[in-house]
Amino acid sequence: MNRWNALLLALALSAPALADTTPQPGQWEYHIKMEMPGVPFAMPPVTVKQCLTEADAQRGAVYTDQKSDCKVENLKQSGGKVSYDVVCTGEQPVKGHYDFTFTPTSLDGVGTMDMGGQTMRHTMSGKYLGPCGK
């Protein structure tokens, strides 16, 4: 997975975990489709699998592999819906906004990221697959 895909996945999947429910521990699969206007080729969708432990689920983590210099701001949550802004510092500043619906076994959402004047739009979904190791 390239650097941007990893960053987007970490950003997009960390804040929904703050919702008023916790994810089911076990194997999860995430699908991300990215679109950048003006890019002469379609970016391939990304699929990532992650095993969440009971400890991960209890603290609300949905995806635990990535570290970043990004902060979640303007978090709003109600009735299984979450929206928030993301602000990243570092060598290339990034700002974004996400809207998700979230349950213990699924998530769906849309996000946009502004990376130095270029906007990336992506749609995401995640689903619980079952116990880890299967």
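# Rings, bridges and core

User: How many aromatic pairs does the count come to?
Analyst: A quick word on the ground rules: this is a predicted model with residues numbered from 1 along each chain as its sequence is written, where local features need pLDDT of at least 70, side-chain atom pairs count only at pLDDT 80 or more, and totals for chains, interfaces and linings use all residues. Side-chain values use heavy atoms, with hydrogens and water left out. Rings of Phe, Tyr and Trp (its six-membered ring) pair if their centres lie within 6.5 Å, and planes under 30 degrees apart count as stacked, over 60 as edge-to-face and the rest as tilted. Apply that here and the aromatic pairs come to five.

User: Stacked or edge-to-face: how do the rings of Trp28 and Tyr30 sit?
Analyst: The ring centres of Trp28 and Tyr30 are 6.1 Å apart. Their planes are at 15°, so this pair counts as stacked.

User: What angle do the ring planes of Tyr98 and Phe100 make?
Analyst: The centres of the Tyr98 and Phe100 rings are 6.0 Å apart. This pair is stacked because the planes sit at 20°.

User: Which residues form the aromatic cluster with Tyr128?
Analyst: Two residues of the first stacked pair, both buried, turn up again here; buried means under 20% relative accessible area, exposed over 50% and partly exposed in between (1.4 Å probe, protein chains only). Tyr128 shares one aromatic cluster with Trp28 and Tyr30.

User: What is the order of elements from the N terminus on?
Analyst: Helices (H or I, at least four residues) and strands (E, at least two) are DSSP runs, numbered from the N terminus. The protein has two helices and seven strands. Read along the chain, they run α-β-β-α-β-β-β-β-β.

User: Which residues of the largest nonpolar core touch the most other members?
Analyst: A nonpolar core is a set of buried Ala, Val, Leu, Ile, Met, Phe, Trp, Tyr and Cys residues joined through side-chain atoms within 4.5 Å. In soluble globular proteins, nonpolar side chains tend to be buried together. Tyr98 is at 0% relative accessibility and Phe100 at 3%, so both count as buried. Of the 22 residues in this core, the ones touching the most other members are Tyr84, Val86, Tyr98, Phe100 and Met115.

User: Which elements give two or more residues to this core?
Analyst: For the whole protein, buried residues make up 41% of the 134 residues. The elements that give this core two or more residues are strand 1 (26-35), strand 2, strand 4 (81-88), strand 5 (94-103), strand 6 (106-115) and strand 7.

User: Which residues does the disulfide join?
Analyst: A disulfide is a pair of cysteine sulfur atoms within 2.5 Å, and the count comes to one. The S to S distance is 1.7 Å, and the residues joined are Cys51 and Cys132.

User: How far apart in sequence are the parts that Cys51 and Cys132 tie together?
Analyst: Cys51 lies in strand 2 (residues 46-52), whereas Cys132 is in the segment after strand 7 (118-130). The pair therefore ties together parts separated in sequence by 81 residues.

User: Right-handed or left-handed: which is the disulfide of Cys51 and Cys132?
Analyst: Cys51 is partly exposed at 33% relative accessible area, and Cys132 is partly exposed at 34%. The torsion about their S-S bond is about 105°, so the disulfide is right-handed.

User: Which residue does Lys49 meet in a salt bridge?
Analyst: A salt bridge is a side-chain nitrogen of Lys or Arg within 4 Å of a carboxyl oxygen of Asp or Glu, and a search of the whole structure finds two. Lys49 is exposed at 53% relative accessible area, while its partner counts as buried at 12%. At 3.8 Å, N to O, that partner is Glu29.

User: What is the N to O distance in the salt bridge of Glu35 and Lys33?
Analyst: Glu35 is partly exposed, at 40% relative accessibility, and Lys33 is also partly exposed, at 44%. Their side chains meet with an N to O distance of 3.9 Å.

User: Leaving aside neighbours within four places in sequence, which residues is Gln27 in contact with?
Analyst: Gln27 sits in strand 1 and counts as buried at 13% relative accessibility. Contact means heavy atoms within 4.5 Å. By that cut-off, the residues touching Gln27 are Lys49, Gln50, Cys51, Lys127, Tyr128, Leu129, Gly130, Pro131, Cys132 and Gly133.
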